[in-house]
Every structure is written in C-alpha cells, then in structure tokens.
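Opening a fresh page for this one. I wanted to look up a strand and its neighbours, then a helix pair.

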Amino acid sequence: MPVLYNVNFINPFLHAVIEVLSAMAQVEPRPGKPYINVLHAAKGDVTGLIGVTGYARGTISLTLSKDAILHIVSRMLMTEYTEINDDIIDATGELTNMIAGHAREALEAQGMLFQASSPSVVVGRGHRIDHISGAPVLAIPFSIDHGDFVVETAFTDSVADASLPEK
C-alpha cells in the first residue's frame, strides 16, 4: 500500500527551506524529488530534530552533509568554519527550528495547528534518526553548491493524499 502525502503538506517545507536559507545564509537550495525514507538512516553528518504535536504527532528533521552545514553557518555567522563544533551544532538546531517554524505557519494557514519542542542535534556520519515509530518518513532532498541536505517529516496521522515512491 503506497504512503500518501498531500502537496499542500509538502510545499510549506519546500518554501520554508528556501526562504530561511536564502535569508539567513544567502544560499539557493535546489529541491530534489521527495520520497519515503524506509531505511531511517541519516544521509548526512549532523541532524536537527524537533518533535511536534497538535494536528498530528510527529517529528521534523534537518540532516546536512558536513560541507553543506559548514558553508551555511560560515555564511550566516560570517566566520569561516572547517570542522563541526559547538557553533555548528547550535546553528543546526536553530536552522531546524526556523525551518519548522516557517512550515508550521504555512500549515496553520491551512488549518493544521502544530506546537513544537526544542530541537535536539545528533552528530556523526550515518547516524540513525528516531522518528515516530511506525510512521512513514517523508524525505525532501536539497542541494547547494557546497553539499546536500534532507528535510524529513514523520507523523502518526495521515496528512496526505498524493503518493510518493519509496527509496
């Protein structure tokens, strides 16, 4: 049985990533094709994760390659970063929070109200992301000139009606 997600649910996340990163780091993220992440493995080096409740219970995550997060934070803070450190970890949490906040505002305009927890950050290549157990994980990949990243959402309740392929 295919997992279903509505474009009206996906688009707020696409727009939030583009708006936040354009404004905060002056980078232009290019979205890829959304898919369902059945492996639950992170495709990056650092992940910000936020739990949400309200319209549905779930999680929102932002996983970035080392090169992508170093470039983004270097642009944001106007300091050259070459390694993942406390500044990078803090910025990952804040970016996750800003992207989730922008997406939640757009979803609220559609009648889907969400409240969010504070972000947690996980560091390490190939780490596992603990999304809501049993919920389908919608992954939206992005790329910038300096690396790749993925925004993922997982919700216990259906928020959709448009099929996506598994990957």
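**Notes on a strand and a helix pair**

I began with a pairing: strand β3 (residues 46-54) and β4 run antiparallel and are joined by seven bridges. Worth remembering throughout that this is a predicted model.

Next I checked how the chain gets from β3 to β4, and found a hairpin with three residues in the connection. I also picked out one bridge here: Thr47 has Thr63 of β4 as its partner.

Then I asked what else β4 pairs with. I found strand β8 (residues 147-155), again antiparallel to β4, with seven bridges between them. For Thr59, I noted Ala154 in β8 as the bridge partner.

How much of β4 is buried? I looked along residues 58-64 and got seven of seven, so to speak a clean sweep by the definition of under 20% relative accessible area.

I split β4 by face as well, since side chains in a regular strand alternate between the two faces of the sheet. One side has Gly58, Ile60, Leu62 and Leu64, the other has Thr59, Ser61 and Thr63, and all of these are buried, leaving both faces covered.

Last entry, the helices. I looked up α1 (residues 7-25) against α2 (residues 66-77): their axes are 8 Å apart and the packing angle is about 50°. That angle is why I wrote down α1 as oblique to α2. On the α1 side the contact uses Leu21, Met24 and Ala25, and on the α2 side Ile72, Arg75 and Met76. Sorting the residues of this contact by type, I got five nonpolar, one charged and no polar.

Key:
Residues numbered from 1 in each chain as written. Predicted model: local features only at pLDDT ≥ 70, side-chain atom pairs only at ≥ 80, totals over all residues. Heavy atoms only, no water. Buried < 20%, exposed > 50% of the residue type's maximum accessible area, 1.4 Å probe, protein only. Helix = DSSP H or I, 4+ residues; strand = E, 2+ residues; numbered from the N terminus. Pairing = 2+ DSSP bridges. Axes fitted to C-alpha atoms, helices over the stretch in contact; angles between N-to-C directions. Parallel < 35°, antiparallel > 145°, perpendicular 65-115°, else oblique. Contact = heavy atoms within 4.5 Å. Nonpolar A, V, L, I, M, F, W, Y, C, P; charged D, E, K, R; others polar.
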